[in-house]
Each structure stands twice: as structure tokens, then as C-alpha cells.
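I opened this model today with a cup of coffee and a short list of things to look up. Here are my notes, in the order I made them.

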Amino acid sequence: MQYLKACVKESFRLLYPISGVMRVLPCDVVLSNYHIPAGVQILLANALTCQQNFHDPLTYLPERWLRSEDGHLDDVIPKHAVLPFGYGPRNCIGRRFSKQELYHTTVKVRA
């Protein structure tokens with residue numbers, strides 16, 4: 001089951017299901033020395049993040065998501081690198097159901 005979950009994460013990393021997460025800033029923010037005023041819509045381009053933060057980003061390698069025997073990931077994977085269902089209080093309400101169906105369907109197709 002752990003390898004199946006790693007395969008799904010790697011698939012989401014390579015073929016990101018959405019272009020990103022859109023948010024409207026409630027207050028002024030400075031990001032990378034750029035002043036962004038309140039009320040501006042920003043798009044978190046997660047597909048771009050997935051390519052910049054991984055070693056050999058164009059290779060399908062589910063093993064990068066598996067933990068070693070001591071419980072650590074071999075590669076340093078940023079916490080918010082792959083967010084196909086969003087994050088925080090506004091994440092997808094059907095995330096758990098969707099993942100469960102995805103795993104179940106994949107196992108049934110394989111069997």
C-alpha cells in the first residue's frame with residue numbers, strides 16, 4: 001500500500017491535476033522583495049514548484065516518496081511541493097474520499 005501511495009503522489013507531481021491554487025490577499029504582503037497590495041489575486045503555481053524542487057524532475061520515480069528504514073525520506077521534499085487537493089481550511093472537502101476511490105480503483109484494475 002505504501003508503494004501505491006508513492007505512485008499516486010509521483011503521478012500528481014508529474015501530471016498536476018490543476019494549474020494551481022488561487023487566493024485573494026486580505027492584506028498587503030511582501031514576497032521576494034515585491035510589494036503585493038491587498039485584494040490582488042495570486043496563483044500558487046504548484047506545477048512549477050514540482051519541477052523546481054525535485055532531483056531529476058521529469059523522471060517517474062515513486063521511490064522518492066518512500067521512507068527509509070530509519071523513517072526519513074531520502075530526498076528532501078518540501079512540505080507544500082505537491083498539493084493537488086489544496087491545503088489548510090480551504091482544501092478539497094472530498095480529498096479523503098477521492099484518494100480512497102483512487103487507491104481502490106487502482107487495486108481493482110491491477111487484480
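The entries below go through a helix, some rings, a few contacts and the cysteines.

**Entry 1: before starting.** I reminded myself that this is a predicted model.

**Entry 2: helix α1.** I began with α1, which covers residues 2–14. I checked its length: at 1.5 Å a residue, its 13 residues should span 18 Å, and the end C-alpha atoms are indeed 18 Å apart, so the two agree. Next I asked which residues of α1 are buried. I found Leu 4, Ala 6, Cys 7, Val 8, Glu 10, Phe 12 and Arg 13. A reminder to myself: an α-helix has 3.6 residues a turn, so residues three or four places apart point the same way.

**Entry 3: Glu 10.** I stopped at this acid in α1 and asked whether Glu 10 is buried or exposed. Its relative accessibility is 0%, so Glu 10 counts as buried, the cut-off being under 20%. What does Glu 10 touch, leaving aside residues up to four places away in sequence? My list reads Thr 59, Tyr 60, Leu 61, Pro 62, Arg 64 and Trp 65. For Leu 61 I also noted a distance: its backbone nitrogen lies 3.0 Å from a polar atom of the Glu 10 side chain.

**Entry 4: Ser 11.** Moving one residue along α1, I looked at Ser 11. Ser 11 has 31% relative accessibility and therefore counts as partly exposed. A polar atom of its side chain lies 2.9 Å from the backbone oxygen of Cys 7. I also took the C-alpha distance from Ser 11 to Pro 62, which is 8.3 Å across 51 residues of sequence.

**Entry 5: aromatic pairs.** How many aromatic pairs does the structure hold? I counted two. One is Phe 12 with Phe 85, edge-to-face, with 5.8 Å between centres and 90° between the planes. Phe 12 belongs to α1 and Phe 85 to the loop between α2 (46–52) and α3 (95–110), so this pair ties together parts 73 residues apart in sequence. Both partners are buried: Phe 12 has a relative accessible area of 16%, and Phe 85 has 15%.

The other pair is Phe 54 with Trp 65, whose ring centres are 5.8 Å apart; their planes make an angle of 45°, so I wrote the pair down as tilted. Phe 54 and Trp 65 each lie in the loop between α2 and α3, so here the parts tied together are eleven residues apart in sequence. I have Phe 54 as buried at 6% and Trp 65 as buried at 14%.

**Entry 6: a charge over a ring.** Phe 54 came up again when I looked at Arg 13. The charged end of Arg 13 sits over the Phe 54 ring, 5.0 Å from the ring centre. Arg 13 is also on my list of buried residues in α1.

**Entry 7: Tyr 16.** I then went to the loop between α1 and β1 (21–24), where Tyr 16 lies. With 13% relative accessibility, Tyr 16 counts as buried. Its C-alpha atom is 8.9 Å from that of Leu 83, 67 residues away along the chain.

**Entry 8: cysteines.** How many disulfides are there? Taking sulfur atoms within 2.5 Å as the cut-off, I got zero. I looked up the exposure of some cysteines too. Cys 27 is partly exposed, with a relative accessible area of 43%, and Cys 92 is partly exposed at 34%. Cys 7, by contrast, is among the buried residues of α1.

Conventions
Residues numbered from 1 in each chain as written. Predicted model: local features only at pLDDT ≥ 70, side-chain atom pairs only at ≥ 80, totals over all residues. Heavy atoms only, no water. Buried < 20%, exposed > 50% of the residue type's maximum accessible area, 1.4 Å probe, protein only. Helix = DSSP H or I, 4+ residues; strand = E, 2+ residues; numbered from the N terminus. Polar contact = N/O pair within 3.5 Å; in protein donor to acceptor, adjacent residues only side chain to side chain. Contact = heavy atoms within 4.5 Å. Phe/Tyr/Trp six-rings, centres within 6.5 Å; stacked < 30°, edge-to-face > 60°. Lys NZ or Arg CZ within 6 Å of the ring centre and 35° of its normal. Expected span 1.5 Å × (residues − 1).
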